[in-house]
Amino acid sequence: MAGTPGSQSNKGSSSPDEEGSSTWGAEAVARASLSDALRMQVADLVFFLLLKYRSKQPTTQAEMLTVVSQDDQDQFPEIFRQACQYLQVVLGVDVKEVDPGEHSYIPVPVLGLSCDGTPSGRQGMPKTGLLVLVLGVILVKNNHAPEEEMWRELGVMGVYPDKEHIHYGEPRELLTHVWVQEGYLEYRQVPGSEPARFEFLWGPRAHAETSSLQVLQHILMVNSRRFQDLWRLSV
């Protein structure tokens, strides 16, 4: 409040420097408010698209515009871009265009995976983004990722074995039980290790539904979009 011109009204005229500071301060507040408003619009659109994802229903640009406030309609392309980027990078959901003429889209798991990483029969946030990252770590570890190295890599993203994650729930349960049962991962003792150490490998379902090249291309694309910054926003 002290930086606004109105706050100086009972103190006489301000110097040019003071007026300049007040003007820049007000503009900075306005920019921050606009940024916050757009972030809220992005969050609302992400939630809307997740509902469509869960119901396996397509949507249209016209329908998505009903989620965006009237004041921000002209910002829709940027809001849509950021929402799609967040879904793809953090949750592993692609928003694919179905009909360019109708501007219709449908959210699906990335890489054509048939499962979104959520335990069968349960509802929750899609976990494909984490699953693809785990598959990528296994690849760069010469197809055998020691358990301690896996958690070290995931820790960079704020994912820890004994700490519940806001999106992914219990990471250790996902990696050592759920995705093993789903066939995406193998979790086995390192042969001849004493004391026993464990490692992760691709499971048969991962080999059947995707490829090393597809996973690495996805990881490179995610990195090019500065995905660490996006991922940290979800922690």
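## Helices across a three-stranded sheet

Helix α4 lies across β4, β5 and β6, and its direction makes an angle of about 105° with β6. Helix α6 lies across β5 and β6 and runs at about 125° to β5. Keep in mind that this is a predicted model, so let's look at how confident the predictor was before going further.

### Confidence

The protein chain averages a pLDDT of 81, and 77% of the residues score at least 70. Among its elements, β6 has the highest mean pLDDT, at 97, while helix α9 (residues 227-234) has the lowest, at 50. Then there's the stretch of residues 1-34, where the pLDDT is below 50. Beyond near neighbours in sequence, this stretch has eight contacts in the model.

### The sheet

Now for the strands under those helices. They form an open sheet of three, in the order β4-β6-β5, with antiparallel pairing. The edge strands are β4 (145-146) and β5, each of which pairs on one side only. As general background, strands of a sheet pair through backbone hydrogen bonds, either parallel or antiparallel.

On one side, β4 and β6 pair in the antiparallel sense over two bridges. Here Ala145 stands opposite Phe200 in β6, and Pro146 stands opposite Glu199 in β6. On the other side, β5 and β6 run antiparallel and are joined by five bridges. Arg188 has Glu199 as its bridge partner in β6, so if you're looking at Glu199, you'll find Pro146 opposite it as well.

How many of the five residues of β6 are buried? Four of them are, so β6 is largely enclosed by the rest of the structure.

### Helix α6 and its neighbours

Which residues of helix α6 (residues 171-181) are buried? They are Pro171, Leu174, Leu175, Thr176, Val178 and Trp179. It helps to recall that an α-helix has 3.6 residues a turn, so residues three or four places apart point the same way. The buried residues of α6 pack against two helices, α4 (128-140) and α5 (147-155), and two strands, β5 (185-189) and β6 (198-202). Just after α6, Gly183 takes a positive phi of about 90°.

### The nonpolar core

Two of those α6 residues turn up again in the largest nonpolar core, which has 55 residues. Leu45, Val134, Met150, Leu154, Leu175 and Trp179 touch the most other members. The elements giving two or more residues to this core are α1 (16-55), α3, β2 (93-99), α4, α5, α6, β6 and α8 (212-224). Of these, α3 gives the most, with ten residues.

Val134 is a handy place to start exploring the core. Leaving out residues up to four places away in sequence, Val134 touches Met150, Leu154, Leu175, Trp179 and Leu185.

### Aromatic pairs

The structure holds four aromatic pairs. Two of them are compared below.

| Pair | Distance between ring centres | Angle between planes | Geometry |
|---|---|---|---|
| Phe80 and Tyr105 | 5.1 Å | 55° | tilted |
| Tyr187 and Phe198 | 5.2 Å | 20° | stacked |

Phe80 lies in helix α3 (residues 76-91) and Tyr105 in strand β3 (residues 104-109), so this pair ties together parts that are 25 residues apart in sequence. Both Phe80 and Tyr105 are buried. Along with Phe76, these two residues form one aromatic cluster.

The Tyr187 and Phe198 pair takes us back to the sheet. Tyr187 sits in strand β5 and Phe198 in strand β6, eleven residues apart, and the pair links distant parts of the chain. Are these two rings on buried or exposed residues? The answer falls in between: Tyr187 is partly exposed, with a relative accessible area of 26%, and Phe198 is partly exposed too, at 29%.

### An exposed phenylalanine

One more aromatic residue deserves a look. Phe47 has its place in helix α1. With a relative accessibility of 53%, Phe47 counts as exposed, because the cut-off for that label is over 50%. The C-alpha atoms of Phe47 and Ala83 are separated by 9.2 Å, and these residues are 36 residues apart along the chain.

How values were computed:
Residues numbered from 1 in each chain as written. Predicted model: local features only at pLDDT ≥ 70, side-chain atom pairs only at ≥ 80, totals over all residues. Heavy atoms only, no water. Buried < 20%, exposed > 50% of the residue type's maximum accessible area, 1.4 Å probe, protein only. Helix = DSSP H or I, 4+ residues; strand = E, 2+ residues; numbered from the N terminus. Contact = heavy atoms within 4.5 Å. Phe/Tyr/Trp six-rings, centres within 6.5 Å; stacked < 30°, edge-to-face > 60°. Pairing = 2+ DSSP bridges. Axes fitted to C-alpha atoms, helices over the stretch in contact; angles between N-to-C directions. pLDDT = per-residue confidence, 0-100. Core = buried A, V, L, I, M, F, W, Y, C linked by side-chain atoms within 4.5 Å.
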